[in-house]
Structures are given as structure tokens and as C-alpha cells.
Amino acid sequence: MDGRPEQVGPAPWLALSCLVGLVLAYAVLTNFTEELRTALWGTPGTVTGVDCRTYDATVANAGKSTSCSGAFTPDGGGSSFDVPVDGDVDSPPVRAWLVDGSSGTAYVSPTVWAGVFPVGLSLLLAGLPAAVTVKHVVRARRPGGPLRGPVPKPSA
């Protein structure tokens, strides 16, 4: 040994990028896929009595926001209940889909494509660093690959 530390290679950076990718993928999936779940598995129904309110939060640099609520009636029958409504509610009654029961949001015309982008982005953020890491580890452990450690000196 000549006293120099052994080269570690890119493995720690790849592992760190995998961790960052997983955290970002989790953030994307938890915040942007509710409309996708609604489009795929939501309960269809009708929203009536829509009431929208605009909140002015410009003092807190948050701009203006509008929130709407209405009475959701499932297509299969059952009683109406109040839910938050997201989407174009200009001409009630509107067709909507509800996810997570009475505690969920009724989405007016949800689209599968609204969730495909976040899911694809999540897979890219988590999968690409993981694939590069696996490729690097497999190449480093392959027999006949580059030698690790000091090169032996010839003995004669």
C-alpha cells in the first residue's frame, strides 16, 4: 500500500441519486395522482348546488384562490353529501367522479392523462438512478472486469 485511499468510484453518488429520486417520486405520487385515481376507480355521480368562493390572499403573496363545493349524488343511488369540487362547474348539474368516499373531492371530467405524466415522471426519477446503479454494480462484480486494489509487481 502506498498510503493513498482506494478509489471508491461513483457508487455512493449513484446511491444518493437513487435516494433523491425515490423521495421526489414519493412527493410527485402523493401530490399529483388523486385525479388519476378518481378517473380510474372513482364513483360516478352528479354534483348540484355548486357554490364557489374566491379568497384573496395577496397580502401573504399567495394570490387569489377559488374553492368550490357542492352536493354529490352517486349514480347507483344513495343520499347526497357535501364535497369539495374540482373542475369546470359553470353549468350545474355536472357529471363528476368521487374517490375516497364522502371525505374525497369530486372531480369534474377527470382524465387519465392528468395522472399519467406524474406517474411517468415518478418512474423516471426513481427508476433511472436505480438502473444506472444496478448496471454499475453488475459491471464491477463481473469476472474478468477491472481489477480492484494495487496491481501486483512482477517477481523476477
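This is a short talk on the strands, the core and a few side-chain pairs of one structure.

Good morning. A caution before we start: this is a predicted model.

Let's take the fold. Five strands form a closed barrel. The order is β1-β2-β3-β5-β4, and the pairing is mixed. On average, neighbouring strands of this sheet are turned by 50° against each other, ignoring direction.

Now the pairings. Start with β1, residues 43-56. With β2, residues 64-74, β1 pairs in the antiparallel sense, over 10 bridges. Asp 51 has its bridge partner in β2, and that partner is Ser 69. With β4, β1 is again antiparallel, this time over five bridges. Here Gly 45 stands opposite Ala 96 of β4.

Where does the parallel pairing come in? Between β3 and β5. Strand β3 covers residues 81-86, and strand β5 covers residues 106-108. Two bridges join them. Asp 86 is bridged to Tyr 107 in β5.

Next, a helix. Helix α2, residues 34-41, lies across three strands: β1, β4 and β5. Against β5 the helix runs at about 85°.

On to the core. The largest nonpolar core has 11 residues. Among them are Val 47, Cys 68, Phe 72, Val 83 and Val 108. Which strands supply at least two residues each? β2, β3, β4 and β5. β4 gives the most, with three.

Look at Val 108 for a moment. Setting aside neighbours within four places in sequence, Val 108 still contacts a run of residues from Val 85 through Val 89: Val 85, Asp 86, Gly 87, Asp 88 and Val 89. Val 94, Arg 95 and Ala 96 are in contact with Val 108 as well.

Now the rings. The count is one aromatic pair. The partners are Phe 72 and Phe 81, with ring centres 5.9 Å apart. Why is the pair called tilted? Because the planes stand at 55°, and tilted covers what is neither under 30 degrees nor over 60.

Are these two rings' residues buried or exposed? Phe 72 is at 0% relative accessibility, so this residue counts as buried. Phe 81 is at 23%, so Phe 81 counts as partly exposed. The cut-off for buried is under 20%.

One last side-chain pair. Arg 95 has its charged end over the ring of Trp 97. The distance to the ring centre is 5.7 Å.

To recap: a closed barrel of five strands, a largest nonpolar core of 11 residues, and one tilted pair, Phe 72 with Phe 81. Thank you.

Conventions
Residues numbered from 1 in each chain as written. Predicted model: local features only at pLDDT ≥ 70, side-chain atom pairs only at ≥ 80, totals over all residues. Heavy atoms only, no water. Pairing = 2+ DSSP bridges. Helix = DSSP H or I, 4+ residues; strand = E, 2+ residues; numbered from the N terminus. Axes fitted to C-alpha atoms, helices over the stretch in contact; angles between N-to-C directions. Contact = heavy atoms within 4.5 Å. Phe/Tyr/Trp six-rings, centres within 6.5 Å; stacked < 30°, edge-to-face > 60°. Buried < 20%, exposed > 50% of the residue type's maximum accessible area, 1.4 Å probe, protein only. Lys NZ or Arg CZ within 6 Å of the ring centre and 35° of its normal. Core = buried A, V, L, I, M, F, W, Y, C linked by side-chain atoms within 4.5 Å.
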